[in-house]
Amino acid sequence: MLGIKRLGLLAALVLVGVAPAAAAQAAAQPSTQDTQYLQALHQVNLFEITAGDLAQQKGQDQGVKDLGAMLKTDHTQLDQTVQQTASQLGVELPNEPSADQQAVIDQLNNASGAEFDRLWVTSELAGHVQAIQATQTEISQGSEQSVVQLAQNALPTLQAHYDELVQLANQLGIPVPQTSASGTPSPGGTGTESPAPGGTGTESPAPGGTTESPAPGGGTTETPAPSES
């Protein structure tokens, strides 16, 4: 009987030792919000690197060429941090832009001259609005500190890009997309689809955890739109 009691005590001690370990492992798993933000931001970076190359190759205005080079450099650096963070958290990242982003890349490949400049600036403006909204959502709703810190570091860069794009649009006479009541940027009358960061429309959840809107962050009205400074 004593032996049985000892075995029971040993089993209890083992369970006590396992429970905290299991809890710690569960706590280490990033939330859906954090995971989807990393995946979405990575797809933003993939798109921006490609679009930056196209701007340098096909841009008619020198401002488009120069800004394309800057966006490529900044998003390449940003993506290094995204990949490092995702690797540490065991988050699998997509290896190509989303279907919607690829459609915009195809449109850019088929455009030239002033048409290319207009399409590039408009899609970049809309894409950065959505990226900023997704980043603001991560800052307010994320639970993994490393991902939240990444978003906090990324936000000033994304906002600076948006401000530069607004200035360039004004110089070229290109309408600046306005945000709708849902927080989703309109295409500014170009008749083209804007790349939703990480967005394949309703095919995959947006970083805000909803499939109702292609805008990361769930397209809520709680997130302020970028200032057009």
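Student: In which hand does H5 pass H6?

Tutor: Good place to start, bearing in mind that this is a predicted model. Helix H5 covers residues 113-141 and helix H6 covers residues 145-172. Where H5 passes H6, the crossing is left-handed.

Student: And how do H5 and H6 run relative to each other, roughly parallel or roughly antiparallel?

Tutor: Look at the axes of H5 and H6, which come within 9 Å and cross at roughly 155°. An angle over 145 degrees counts as roughly antiparallel. That makes the arrangement of H5 and H6 roughly antiparallel.

Student: How many nonpolar residues are in the contact of H5 with H6?

Tutor: Sort the residues of this contact by class. Two are charged and six are polar. The nonpolar ones number 18.

Student: What is the direction of H3 relative to H6?

Tutor: Helix H3, residues 62-89, packs on H6 with the axes 11 Å apart and an angle of about 165°. H3 also passes H6 in a left-handed crossing. Given the angle of about 165°, the two helices are therefore roughly antiparallel.

Student: Which histidine of H6 meets H3?

Tutor: On the H3 side, the residues include Leu67, Leu71, His75 and Leu78. Among their partners in H6 are Leu150, Ala154, Leu158 and Leu165. The histidine on the H6 side is His161.

Student: Where in H6 does the kink lie?

Tutor: Find proline 156 in H6 and step back a little, since the kink comes shortly before this proline. The bend is about 30°. The residue at the kink is alanine 154.

Student: How far apart are the end C-alpha atoms of H6?

Tutor: H6 has 28 residues, and at 1.5 Å a residue they should span 40 Å. The value in the model agrees with that expectation: 41 Å.

Student: What phi does glycine 173 take?

Tutor: Glycine 173 sits just after H6. Its phi is positive, at about 70°.

Student: How many charged residues are in the contact of H2 with H3?

Tutor: Helix H2, residues 32-58, packs on H3 at about 155°, with the axes 8 Å apart. That makes H2 roughly antiparallel to H3, and H2 passes H3 in a left-handed crossing. The contact has twelve nonpolar and ten polar residues, and the charged ones number five.

Key: Residues numbered from 1 in each chain as written. Predicted model: local features only at pLDDT ≥ 70, side-chain atom pairs only at ≥ 80, totals over all residues. Heavy atoms only, no water. Axes fitted to C-alpha atoms, helices over the stretch in contact; angles between N-to-C directions. Helix = DSSP H or I, 4+ residues; strand = E, 2+ residues; numbered from the N terminus. Parallel < 35°, antiparallel > 145°, perpendicular 65-115°, else oblique. Left-handed = near helix turned anticlockwise from the far one by under 90°. Nonpolar A, V, L, I, M, F, W, Y, C, P; charged D, E, K, R; others polar. Contact = heavy atoms within 4.5 Å. Expected span 1.5 Å × (residues − 1). Bend = angle between axes of the 7 residues up to and from the residue.
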